[in-house]
Amino acid sequence: MHCAREKSSGAFILLTLQLIMAHQIPTDGTLLPLMEEFYTIQGEGYNTGKAAYFIRLGGCDVGCHWCDVKESWDAESHPLTHADEIVAKADTYPGRAVVITGGEPLIYNMDYLTAKLQEKNILTFIETSGAYPLSGSWDWICLSPKKFKAPRPDITPFANELKVIVFNKSDFLWAEKYAESVSPTCKLYLQPEWSKRNEVTPLIIDYVMANPKWEISLQTHKFLNIP
Ligand code: SF4
């Protein structure tokens, strides 16, 4: 006959095995591959300058060659973490907003995490390529479409902000294509790809002056040398 202690140690071993085995990520969104989390200032887009807790989830198959977080791509290299644990940490900071980013966070079901954050009166912001179905309850959706894996057409109407990364001249035409598919109230941003900023920023300046529905987004956190 098993005593209660043996049972609880068995359950613990089972849970540990579940966490370290190839990620079996539950579809209810309670466990997520967490790459990093940190409190900082949102550096880009509409919410630039606001204090926010960043939650970076591992896993992305979009494959941008200029990606500056390639270490996020492999979900398996990031520990499965309970969403309650993530929320509890976010709740310890005075800034009442989180930015959920990746990787591509919409690979996972965001319903549970965002509901729990909003229960704590924390605003939920997401940065997504839009390549996966929309889940979660969001106070702000930043859609940053990528050429390498197109966003789903059913996600673009929900974007509060369209942020196009400009790597070369052809990206302006591409940006206009997506500007047609977002809602009329969606904010439109052009952001220089960091490694090309010296070449493309002057082009963006000219473009925005000629097409003022667009605004410039800069990665101000990189200039400020903060995460
Ligand atoms: S979508 Fe984002 S995380 Fe994924 S490859 Fe592109 S820049 Fe990197």
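A residue is called buried under 20% relative accessible area, exposed over 50% and partly exposed in between, with a 1.4 Å probe and protein chains only.

By that cut-off Phe 172 is buried, at a relative accessible area of 8%, and you will meet this residue again in Figure 2. Please keep in mind that this is a predicted model, in which local features need pLDDT of at least 70, side-chain atom pairs count only at pLDDT 80 or more, and totals for chains, interfaces and linings use all residues. Residues are numbered from 1 along each chain as its sequence is written, and side-chain values use heavy atoms, with hydrogens and water left out.

**Figure 1. The whole chain, for orientation.**
Welcome to the chain, which has six helices and nine strands; helices (H or I, at least four residues) and strands (E, at least two) are DSSP runs, numbered from the N terminus. The radius of gyration of the chain is 19 Å, close to the 17 Å given by the globule rule for 227 residues, so the chain is as compact as a globular protein of that length. For those who like the recipe, the radius is taken over C-alpha atoms, and the rule is 2.2 Å times the number of residues to the power 0.38. The C-alpha trace spans about 80 × 35 × 35 Å along its principal axes. Of the 227 residues, 48% count as buried. A contact means heavy atoms within 4.5 Å; among contacts between residues at least 6 apart in sequence, 62% join residues at least 24 apart. The exposed area of the chain is about 11500 Å², with carbon and sulfur atoms supplying 59% of it, as computed by the Shrake-Rupley method with a 1.4 Å probe.

**Figure 2. A stacked ring pair between helices H4 and H5.**
A pair of aromatic rings is described by the distance of the centres and the angle of the planes. Rings of Phe, Tyr and Trp (its six-membered ring) pair if their centres lie within 6.5 Å; planes under 30 degrees apart count as stacked, over 60 as edge-to-face and the rest as tilted. By this rule the count comes to seven aromatic pairs. In one of them, Phe 172 and Tyr 207 are stacked, 4.5 Å centre to centre with 20° between the planes. The pair links distant parts of the chain, with Phe 172 in helix H4 (residues 170-179) and Tyr 207 in helix H5 (residues 197-210), 35 residues apart. Tyr 207 is buried, with a relative accessible area of 17%. Elsewhere, ring pairs link Tyr 39, Tyr 53 and Tyr 93 into a cluster.

**Figure 3. The surroundings of Val 200.**
Stay with helix H5, where Val 200 lies. Is this residue, Val 200, buried or exposed? Val 200 is buried, at a relative accessible area of 3%. Leaving aside neighbours within four places in sequence, Val 200 is in contact with Val 166, Phe 167, Asn 168, Pro 192 and Glu 193. The C-alpha atoms of Val 200 and Gly 43 are separated by 19 Å, and these two residues are 157 residues apart along the chain.

**Figure 4. Leu 34 and the residues it touches.**
Leu 34 lies in strand E1 (residues 31-41) and is buried, with a relative accessible area of 8%. Not counting residues up to four places away in sequence, Leu 34 touches Ile 55, Arg 56, Leu 57, His 78, Pro 79, Thr 81 and Ile 86. From Leu 34 to Glu 176 the C-alpha to C-alpha separation is 34 Å, with their positions 142 residues apart in sequence.

**Figure 5. Backbone details before and after helix H3.**
A cis peptide bond joins Gly 102 and Gly 103, with omega about 15°. Gly 103 is found in the loop between strand E4 (97-101) and helix H3 (111-119). Within helix H3 sits Ala 115, partly exposed at 35% relative accessibility. The C-alpha atoms of Ala 115 and Trp 138, 23 residues apart along the chain, are separated by 9.1 Å. In the loop between H3 and strand E5 (123-128) you will find Asn 121, which has a positive phi of about 60° although it is not a glycine. Asn 121 counts as exposed, at 64% relative accessibility.

**Figure 6. Asn 225, after helix H6.**
Asn 225 lies in the segment after helix H6 (220-224). Its phi is positive, about 60°, although Asn 225 is not a glycine. Asn 225 is exposed, with a relative accessible area of 72%.
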